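Reader: I have a model open and would like to talk through the terms used to describe it. Could you take me through them?

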Amino acid sequence: NEQLALLRRQDKQAFAALVRQYHGSLKAVARALVGPAEAEEVVQDAWLSAWRALPQFEGRASLKTWLTR
C-alpha cells in the first residue's frame, strides 16, 4: 500500500490526509473516554504519538484500530 509506505517514511502530506480521515473518529472515542473538555487535547497527543511511531507500524492491524489503541 503506497499510503502506508509514505506514512512509514513520515510523509507530511500522507499524514495530513490520515488526520483528515480519522480525526473525527478519534475525537469521538476520546470524548467517550475523557469527556468533551479534554477530548481535543487527548487526540492531539495521540497524533503526536502516532507520528513518532509510524515508522515502526507493521500493518498487522488497520490504521484506524492502531490509532485508537
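Reader: Glad to have it on screen. What volume does the largest pocket have?

Author: Happy to help! This is a predicted model, and its largest pocket has a volume of about 240 Å³.

Reader: Which residues lie nearest the centre of that pocket?

Author: Leu26, Ala46, Leu67, Thr68 and Arg69 do, out of 15 lining residues. Two or more lining residues come from each of helix 2 (12-34), helix 3 (36-53) and helix 4 (63-68). Helix 3 gives the largest share, six residues. By class, the lining has 12 nonpolar, two polar and one charged residues.

Reader: Let's turn to His23 in helix 2. Why is His23 called buried?

Author: Buried means under 20% relative accessible area. His23 has 19%, so the word applies.

Reader: What makes the pairing of the His23 and Trp47 side chains a polar contact?

Author: The cut-off for a pair of N or O atoms is within 3.5 Å, and the His23 and Trp47 side chains are joined at 3.0 Å. Beyond its neighbours within four places in sequence, His23 is also in contact with Glu40, Val43 and Gln44.

Reader: And which residues does Trp47 touch, leaving out those up to four places away in sequence?

Author: Phe15, Leu18, Val19, Tyr22, His23, Leu26 and Leu67. Trp47 is also one of the residues with the most contacts inside the largest nonpolar core, which has 16 residues. Helix 1 (2-8), helix 2, helix 3 and helix 4 each supply at least two residues of this core, with the largest share, six residues, coming from helix 2.

Note on methods: Residues numbered from 1 in each chain as written. Predicted model: local features only at pLDDT ≥ 70, side-chain atom pairs only at ≥ 80, totals over all residues. Heavy atoms only, no water. 1 Å grid on protein atoms, 1.4 Å probe; cavity = no way out; pocket = protein on both sides within 12 Å on 5 of 7 lines; lining within 4 Å. Points joined across faces, edges and corners; volume = space filled by probe spheres on them. Helix = DSSP H or I, 4+ residues; strand = E, 2+ residues; numbered from the N terminus. Nonpolar A, V, L, I, M, F, W, Y, C, P; charged D, E, K, R; others polar. Buried < 20%, exposed > 50% of the residue type's maximum accessible area, 1.4 Å probe, protein only. Polar contact = N/O pair within 3.5 Å; in protein donor to acceptor, adjacent residues only side chain to side chain. Contact = heavy atoms within 4.5 Å. Core = buried A, V, L, I, M, F, W, Y, C linked by side-chain atoms within 4.5 Å.
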